[in-house]
Structures are given as structure tokens and as C-alpha cells.
Amino acid sequence: MSLFRRKKKIAAEVIPQKQQGVKMSLDGERFLTVKIGNSSHPGAREYQEDSFGYSGIVDSEVISERGFAAVLADGMGGLDNGRDISRYVVSSFITMFEQLDYTSDFPPQLEDIAVKINDEVCKNFSTGGKSGAGSTLAAVFVYKAKLFWVCIGDSRLYLLRGNALLAANEDHDYFNQLLTENLSGEMTMDEIHAEVQKDNLTSYIGNPELPHIDSNKRGFSICKGDSLVLCSDGIYNGISAAEIVGLLSEYEPQKASEKTAEAVLNQNLEGQDNLTVMVIKFE
């Protein structure tokens, strides 16, 4: 048994749903059944700085009419107030999501939400004019079998379709910038991996400039059998894509989330980061 699991139990906030999931009406005749699961653990850290949440996911009428949102935020442990800022990001996103204008395009609105949250964080968590907190943001909005997302930082959104686990967003870190220098022949991969600052984020909530926002410009069609996975880097740095696919294929979302967290913790990685995973399955 993992040392971490002996010390602290995996947190699994089970959202009350009917056993068969919640039905989302597409056109009055066709439906998608939505099932969710999630697990979170502080790893080897003293505090859990990851936060996550859903909008009204338990009401079939609500998600049929307005869709639903899921959001994950990873507070930056190297900065002050990481836990407070991640909670603020999640609660603010869900609050602003409830005010969406359904007569206008969704992607610009989701980006505006991210910018507004960033402005508020820079204002409310700054010290001496400098950012005093930071967080990633990975958020999805599902409406009438269409997927929209907005991501900042290095928390990830995956789509599982069949046996393929596809990354929807790009990590906003220095490593990705260095890859450009590798393509131009300026740095070798060994030099990149040896770079001390390669994991530093280049865009995150709490950065006044906010240079990168990752979002899709058109709704991505969801198919029956698809699953979405939102996770912090504590998850994907400790488990392979093949293992995630296997667990999602074998278990329902809640159990798959718990098994995924357990698989990471059982690696007993030194300095294991906070880890959080959210699974949304469509049937």
C-alpha cells in the first residue's frame, strides 16, 4: 500500500446522480446520458491546492436547457495562497458561467470569463503590485452534444474516443517554447530536458499579461461513448495514457477516477504533487 494512501485518504466528492446518470436532451427525441466521477489527493504535499467543481450537473432539465460546465484549477505551490486562488478560480468560473448569453457565440464568452477572472485575481491577490498567487484553469462547457473549452497553464483536457486518448489543449510552459529551438537546431532534446526552468508556466491565472489562452473556436461534436478527462499535472506525470484508457474502459467514471488516483499514488514518486482527476462519460 502506498505511503501516501496510509497517511491521507483519497478524496472523492461523489455528486448525487441516478445510477444510470443524468439525461441531456438534444432535440426532444435524442438524449445523451451523462455520468461523472472525480478524485483528488494532496500527494506528498502538506496542503491540497487543486480545486474542482461542476455547474448544475444533477438536473436533467437544467443540463438539457443550459448545458453544464466542469472546471479544474491547480493552485501554484511556488506562490502564496495557491489553495485560496484555485478555489476562487473555480467558484468564479461557475458563477460567471451561469450568466452566459445563449444568443451569442460561446468561445468568446468563455475567453472573456477567463480574462475577467485573471483581472480579479491580479487585483485581489496582488502584493505591492505583483502577483501573489497563481493557478491553472481547465474548463469545459457541454451544450447540446457540443464541447467548448478554455484552458490556461498546464492542467489538461483529454478526449477518450474508442481506444485513443487525445489531448485537446496545449501546455503553457517553458518546455513547449524550448521545443521550437529544438526544431530550429538551436537546442538538443537532452539540453531541453536538463533545463532547470523547463516546467515553469508561461501563462497562468495571476499573470497580468496572460499571453496564452487555449480554446476552441467552434463546438466540438461529442459522440456516444466519448469520455472527457480533466486533470492536474500530478495525474499525467504519474500514469501513462494507456493506463488511463484501460481504467476508463473497465470502470464507470467514479470508480475509474478513484482507480486513476490510486495508480498514481502507488508509484510512490518522490515529492508527489497534488493530483485531481475528473471524468465525464457520454452514453
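Q: Why is Phe106 called buried?
A: Its relative accessible area is 9%, and buried means under 20%, with exposed over 50% and partly exposed in between (1.4 Å probe, protein chains only). So Phe106 counts as buried. By the way, this is a predicted model, where local features need pLDDT of at least 70 and side-chain atom pairs count only at pLDDT 80 or more, while totals for chains, interfaces and linings use all residues. Residues are numbered from 1 along each chain as its sequence is written, and side-chain values use heavy atoms, leaving out hydrogens and water.

Q: What makes Tyr102 partly exposed?
A: Tyr102 comes out at 24% relative accessibility, so it falls in the in-between class.

Q: Why is the pair of Tyr102 and Phe106 called edge-to-face?
A: Rings of Phe, Tyr and Trp (its six-membered ring) pair if their centres lie within 6.5 Å; planes under 30 degrees apart are stacked, over 60 edge-to-face, and the rest tilted. Here the centres are 5.5 Å apart and the planes stand at 80 degrees, so edge-to-face it is.

Q: And why is the pair of Phe141 and Phe148 called stacked?
A: Their ring centres are 5.8 Å apart and their planes are at 25 degrees, so this pair counts as stacked. Phe141 is buried at 0% relative accessibility, and Phe148 is buried too, at 7%. Ring pairs link these two with Phe97, Tyr102, Phe106 and Tyr143 into a cluster.

Q: How do you know that Arg156 lies over the face of Tyr236?
A: A charge sits over a ring if NZ of Lys or CZ of Arg is within 6 Å of the ring centre and within 35 degrees of the ring normal. Arg156 lies over the face of Tyr236, 3.6 Å from the ring centre. Lys23 has its charged end over the ring of Phe31, at 5.7 Å from the centre.

Q: What makes β1 and β10 the edges of the sheet?
A: The open sheet has 6 strands in the order β1-β2-β14-β13-β9-β10, with antiparallel pairing. Strands are DSSP runs (E, at least two residues), numbered from the N terminus, and two of them pair if DSSP finds at least two bridges between them. β1 (22–25) and β10 (164–167) each have a single partner strand, so one side of each is left without a neighbour in the sheet.

Q: How do you know that β9 and β13 pair?
A: 5 bridges join β9 (residues 156–161) to β13 (residues 227–231), and the rule asks for at least two. For instance, Leu160 has Ser227 as its bridge partner in β13.

Notes: Helices (H or I, at least four residues) and strands (E, at least two) are DSSP runs, numbered from the N terminus.
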